[in-house]
Amino acid sequence: MVAVLDLNAELGRLTQFARTPASPEADRRKGLGQVAPYRDGAIFTSKFSGSGGWERHPSGDEIVHVIEGETLLHLLPDEGPEALDLRAGMMVIVPKGMWHRFEAASGVTLMTVTPLPTEHLPVGVENPR
């Protein structure tokens, strides 16, 4: 059976969430929606402003698509810290196992194809290594 997904309807269910690295999981869920299962993870939508904590996906690459707004995506490749300025219409593939976090002062709406599990750091640290 072929699944048809209405991304606009899924985004309409979300509320903008002002997050911090220490935001409780229950609060973060307000700005996060699971659209559909996909392979070893899921397709997610999210609307948020602020800064999130570091995370990584040990089982595969994550696809990130910026739908509205802009975000600074902080990455920690072996070569050293990197930051990508992403805006609506841009996509990036975060490699398997790479620590990353988002910073969106004015707010951003994302769709991600995320492998699970996700490792989250529950507190704000400068470098998760």
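This is a short chat about the pockets, strands and a few unusual residues of one predicted model.

Me: What kind of model is this, and how are the residues numbered?
Reply: It is a predicted model, in which local features need pLDDT of at least 70 and side-chain atom pairs count only at pLDDT 80 or more, while totals for chains, interfaces and linings use all residues. Residues are numbered from 1 along each chain as its sequence is written, and side-chain values use heavy atoms, with hydrogens and water left out.

Me: OK, pockets then. How much space lies in the largest pocket?
Reply: The largest pocket holds about 510 Å³ of space. On a 1 Å grid over the protein atoms alone, a pocket is an open set of points where a 1.4 Å probe fits, with protein on both sides within 12 Å along at least five of seven lines, and lining residues have an atom within 4 Å of a point. Grid points are joined across faces, edges and corners, and the volume is the space filled by probe spheres set on the points.

Me: Which residues are closest to the centre of that largest pocket?
Reply: There are 27 lining residues, and the closest to the centre of the largest pocket are Arg19, Arg28, Leu32, Glu55 and His120.

Me: And which elements give two or more residues to that lining?
Reply: They are strand S1 (17–19), helix H2 (25–28), strand S3 (41–51) and strand S8 (100–115), and S3 gives the most, with five residues. Helices (H or I, at least four residues) and strands (E, at least two) are DSSP runs, numbered from the N terminus.

Me: How do the residues of that lining divide by class?
Reply: The lining of the largest pocket has nine nonpolar, eleven polar and seven charged residues. Here Ala, Val, Leu, Ile, Met, Phe, Trp, Tyr, Cys and Pro count as nonpolar, Asp, Glu, Lys and Arg as charged, and the others, Gly among them, as polar.

Me: What about the second largest pocket, what volume does it have?
Reply: Its volume is about 170 Å³, and the residues that line it include Tyr38, Arg39, Asp40, Val113 and Pro115. S8 gives the most to this lining, with three residues, and by class the lining has five nonpolar, four polar and three charged residues.

Me: Arg39 is in that list, so where is its place along the chain?
Reply: Arginine 39 is in the loop between S2 and S3. The phi of arginine 39 is near 45°, a positive value in a residue other than glycine. Most residues other than glycine have a negative phi, and most peptide bonds are trans.

Me: Is arginine 39 buried or exposed?
Reply: Arginine 39 counts as exposed because its relative accessibility is 75%; buried means under 20% relative accessible area, exposed over 50%, and partly exposed in between, with a 1.4 Å probe and protein chains only.

Me: How many bridges join S2 to S3?
Reply: Six bridges join strand S2 (residues 32–38) to S3, and the two run antiparallel, with proline 37 standing opposite alanine 42 in S3. Two strands pair if DSSP finds at least two bridges between them.

Me: Which bonds are cis, then? What joins leucine 116 and proline 117?
Reply: A cis peptide bond joins leucine 116 and proline 117, with omega of about 5°, and proline 117 lies in the loop between S8 and strand S9 (119–120).

Me: Why is S8 described as largely enclosed by the rest of the structure?
Reply: Twelve of the 16 residues of S8 are buried, so S8 is largely enclosed by the rest of the structure. Ten bridges join S3 to S8 in an antiparallel arrangement, where serine 46 stands opposite leucine 110 in S8. Strand S5 (residues 62–75) also pairs with S8 in the antiparallel sense, over ten bridges, and there leucine 72 has glutamate 103 as its bridge partner.

Me: Which side chains of S7 are buried?
Reply: The side chains alternate along S7, so that Val92 and Val94 point to one face and are buried, while Met91 and Ile93 point to the other and are not.Me: Last one, what lies over the face of phenylalanine 48?
Reply: Arginine 19 lies over the face of phenylalanine 48, at 3.7 Å from the ring centre, and arginine 101 lies over the face of tryptophan 54, at 5.4 Å from the ring centre. A charge sits over a ring if NZ of Lys or CZ of Arg is within 6 Å of the ring centre and within 35 degrees of the ring normal.
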